[in-house]
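Here is my note on the structure, as numbered points. Please read it with the coordinates open.

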Amino acid sequence: MTQETDSTTGTEFTVERVLAEAAHILAEPAEDIDPAENLFDRGMDSVRMMSLMERWRAAGAEVEFADLAEEPTIQAWVTLLNR
């Protein structure tokens, strides 16, 4: 899997990390979720997504809710979190 680092904060938002956090909030095993899968199809909703967003912001990510909602996949989120 791909590892990307945010060079401004040093915080790593890897596919594994984002997948684990999303799986936890969805109460599903991470290995059951495809990183390219639309998480809304897995039960992700705005409240859960907001919770993840706040966690990631606290860790240094500069991400907006609308950006996460536009493409709700682990792969897309890792790209957003690391820009």
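1. Start with Glu-54 and Arg-57 in helix H2, residues 46–58. The two sit three residues apart, so about one helical turn separates them. This is a predicted model, and the points below should be read that way. Glu-54 forms a salt bridge with Arg-57, with 3.6 Å between the closest N and O atoms. Glu-54 is partly exposed, because its relative accessibility of 41% falls between the 20% and 50% limits. Arg-57 is also partly exposed, at 32%.

2. Arg-57 has a further partner. Its side chain meets that of Glu-64 in a salt bridge, 3.2 Å from N to O. Glu-64 has a relative accessible area of 46%, so it counts as partly exposed. Elsewhere, salt bridges with shared partners join Glu-28, Glu-37 and Arg-42 into one network. The structure holds six salt bridges.

3. Helix H1, residues 15–26, carries a pair of its own: Glu-21 and Arg-17. These residues are four apart, about one turn of the helix. Their side chains form a salt bridge, at 3.3 Å from N to O. Is Glu-21 buried or exposed? Glu-21 is buried, because its relative accessibility of 13% is under the 20% cut-off. Arg-17 has a relative accessible area of 24%, so it is classed as partly exposed. As a general point, side chains of opposite charge can pair when their charged atoms come close.

4. Next, the packing of H1 on H2. The two axes come within 10 Å and cross at roughly 140°. That angle makes H1 oblique to H2, because only values over 145 degrees count as roughly antiparallel. The crossing of H1 and H2 is right-handed. Which residues of H1 meet H2? They are Val-18, Glu-21, Ala-22, Ile-25 and Leu-26. On the H2 side, the residues are Arg-48, Ser-51, Leu-52, Arg-55 and Trp-56. Glu-21 thus appears in this contact and in the salt bridge with Arg-17.

5. H1 also packs against H4. Here the angle is about 120°, and the axes lie 9 Å apart. H1 is therefore oblique to H4, since the roughly perpendicular range ends at 115 degrees. This crossing, too, is right-handed. H1 contributes Val-15, Val-18, Leu-19 and Ala-22 to the contact. H4 contributes Ile-74, Trp-77, Val-78 and Leu-81. Val-18 and Ala-22 are listed in the contact with H4 and in the one with H2.

6. Last, a residue beyond H4. Asn-82 is found in the segment after that helix, which spans 74–81. Where does the side chain of Asn-82 place a polar atom? That atom lies 2.8 Å from the backbone oxygen of Phe-13. Asn-82 is buried, because its relative accessible area of 12% is under 20%. When checking the model, view the Asn-82 side chain together with the backbone of Phe-13.

Notes. Residues are numbered from 1 along each chain as its sequence is written. This is a predicted model: local features need pLDDT of at least 70, side-chain atom pairs count only at pLDDT 80 or more; totals for chains, interfaces and linings use all residues. Side-chain values use heavy atoms; hydrogens and water are left out. Buried means under 20% relative accessible area, exposed over 50%, partly exposed in between (1.4 Å probe, protein chains only). A polar contact is a pair of N or O atoms within 3.5 Å; within protein, one must be able to donate a hydrogen and the other to accept it, and residues adjacent in sequence count only if both atoms are side-chain atoms. A salt bridge is a side-chain nitrogen of Lys or Arg within 4 Å of a carboxyl oxygen of Asp or Glu. Axes are lines fitted to C-alpha atoms, for helices over the stretch in contact, and angles run from 0 to 180 degrees between N-to-C directions. Angles under 35 degrees count as roughly parallel, over 145 as roughly antiparallel, 65 to 115 as roughly perpendicular and the rest as oblique. A crossing is left-handed if the near helix is turned anticlockwise from the far one by less than a right angle, and right-handed if clockwise. Contact means heavy atoms within 4.5 Å.
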